[in-house]
Amino acid sequence: MKRSLLFLFLLLLLLGGVAGGLYWSSAQVPDFYQIALQEQSQPEVRQQKAKQFVQHSMQLVNDVRNKEPRWSQEFSEQQVNAWLAEELHQKYNEWVPEGISDPRVKFDKNQVDLGFHLTLKQWSGIISLKFKPWLMDNQRLVLELDQAKAGLLPIPIDDAISDLIREARSEGWYIEWGQANGNDALIVHLDRGKSELPDLTALAVEPGIFRLAGKTKVKKQ
């Protein structure tokens, strides 16, 4: 009898420890996300970097609209994170899915880390995604997913991706959820079936920097 009680006690202790460990793991904050939140604590610096992001974006849009033969632009990690902190929720909150706040990015060699705070009824914590963006032929952008985590715990994201694809397709985008290099991948068809759209010819991610370049299509006479 005593052995049975001892075994039951140890089993409950073990299960409680596992559950506690899982909860602790899911509540952890990735290092890159914590650093990004702390990096621009001074409002004047953050506002300046956000302004730079807007200026670079507008220059890119103007180059494309004016049908410049070749165009390119680069964005720093600090500029992107400053814009996410300063303007995303203030000016474009309707773009942000319910429950998501404080998105931040980290640019590394050929990969992007994306983190955000997610608030649900039963859970609140940091979701982080690590993916590799690259260009396939025929104007297809591939976002090759390396990992998705809640805190430190790996999580499946198939349902969320399915919702994203349905919403994007309703807006006229054609997106696939497939495989690339043995990993799950989101494949975006950039031409959207419209021959007049410009071509994205280069995309590069370096530590702290994101670059892209393209060209305007020349109409055949």
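This is a guided tour of a predicted model, with a suggestion at each stop for what to select next.

**The whole chain**

Start with the full view, coloured by secondary structure. You should find 5 helices and 10 strands. The chain has 221 residues, and 34% of them are buried. If you switch on a surface, its accessible area comes to about 14400 Å², with carbon and sulfur atoms providing 56% of that. Of the contacts in the chain with a separation of 6 or more, 48% are between residues 24 or more positions apart.

**The largest core**

Now hide the surface and select Phe75, Val80 and Phe107. These are the residues with the most contacts inside the largest nonpolar core, which has 31 residues. Which helix gives this core its largest share? Select residues 77-91: that is helix 4, and it supplies 5 residues.

Keep Phe107 selected and show what surrounds it. Setting aside neighbours within four places in sequence, its contacts include Phe75, Ser76, Glu77 and Val80. Further along the chain, Phe107 also touches Val112 and the run Val205, Glu206, Pro207, Gly208, Ile209 and Phe210.

Apart from this core lies another one, of 5 residues. To see part of it, select Phe116, Trp123, Ile127 and Ala150, which are among its members.

**Aromatic rings**

Next, show the side chains of Phe, Tyr and Trp. There are 5 aromatic pairs in the structure. Zoom in on Phe32 and Tyr33: their ring centres are 6.5 Å apart and their planes meet at 80°, so this pair is edge-to-face. Both of these residues are buried.

Then move to Trp83 and Tyr92, a tilted pair with 5.8 Å from centre to centre and 35° between the planes. Is each partner buried or partly exposed? Trp83 has a relative accessibility of 14%, so it counts as buried. Tyr92 is partly exposed, because its relative accessible area is 28%. Add Phe53 and Phe75 to your selection, and you have a cluster of four residues linked by ring pairs: Phe53, Phe75, Trp83 and Tyr92.

**Strand 5 and its partners**

Select residues 140-150 to bring up strand 5, then add residues 124-136 for strand 4. The two pair in the antiparallel sense over 10 bridges. One place to look is Pro133, whose bridge partner in strand 5 is Leu143. The two strands form a hairpin with 3 residues between them, and Asn138 in the turn has a positive phi of about 60°.

Strand 5 has further partners. Add residues 183-189, which make up strand 8: this strand runs antiparallel to strand 5, and 5 bridges join them. Here Leu141 is matched with Val188 in strand 8. Finally, add residues 153-154. This is strand 6, also antiparallel to strand 5 and joined to it by 2 bridges. The bridge to find is the one between Ala150 and Leu153; Ala150 is also one of the residues of the 5-residue core.

**Lys130 and Asp113**

Stay in strand 4 and select Lys130. This lysine has a relative accessibility of 16%, so it counts as buried. What does its side chain reach? It makes a polar contact with the side chain of Asp113, at 2.7 Å. Show the rest of the surroundings too: beyond four places in sequence, Lys130 is in contact with Gln111, Val112 and Asp113, and also with Glu144, Leu145, Asp146 and Gln147.

**Ser72 and the far end of the sequence**

Move to strand 1, residues 70-76, and pick Ser72. Its relative accessible area of 46% makes it partly exposed. Now add Lys215 and draw a distance between the C-alpha atoms: these residues are 143 apart along the chain, yet the separation in space is 8.7 Å. Leaving out residues up to four places away in sequence, Ser72 touches Leu212 and Ala213.

**Two backbone spots to finish**

Most residues other than glycine have a negative phi. Two stops go the other way. Lys67 has a positive phi of about 55°, and you will find it in the loop between helix 3 (43-65) and strand 1. Lys67 is exposed, at a relative accessible area of 54%. Asp102 has a positive phi near 50°, and this residue is found in strand 2, residues 100-108. With a relative accessible area of 36%, Asp102 is partly exposed.

Definitions and conventions. Residues are numbered from 1 along each chain as its sequence is written. This is a predicted model: local features need pLDDT of at least 70, side-chain atom pairs count only at pLDDT 80 or more; totals for chains, interfaces and linings use all residues. Side-chain values use heavy atoms; hydrogens and water are left out. Two strands pair if DSSP finds at least two bridges between them. Helices (H or I, at least four residues) and strands (E, at least two) are DSSP runs, numbered from the N terminus. Buried means under 20% relative accessible area, exposed over 50%, partly exposed in between (1.4 Å probe, protein chains only). Contact means heavy atoms within 4.5 Å. Accessible areas come from the Shrake-Rupley method with a 1.4 Å probe; for residues, only the protein chains shown count as cover. A nonpolar core is a set of buried Ala, Val, Leu, Ile, Met, Phe, Trp, Tyr and Cys residues joined through side-chain atoms within 4.5 Å. Rings of Phe, Tyr and Trp (its six-membered ring) pair if their centres lie within 6.5 Å; planes under 30 degrees apart count as stacked, over 60 as edge-to-face and the rest as tilted. A polar contact is a pair of N or O atoms within 3.5 Å; within protein, one must be able to donate a hydrogen and the other to accept it, and residues adjacent in sequence count only if both atoms are side-chain atoms.
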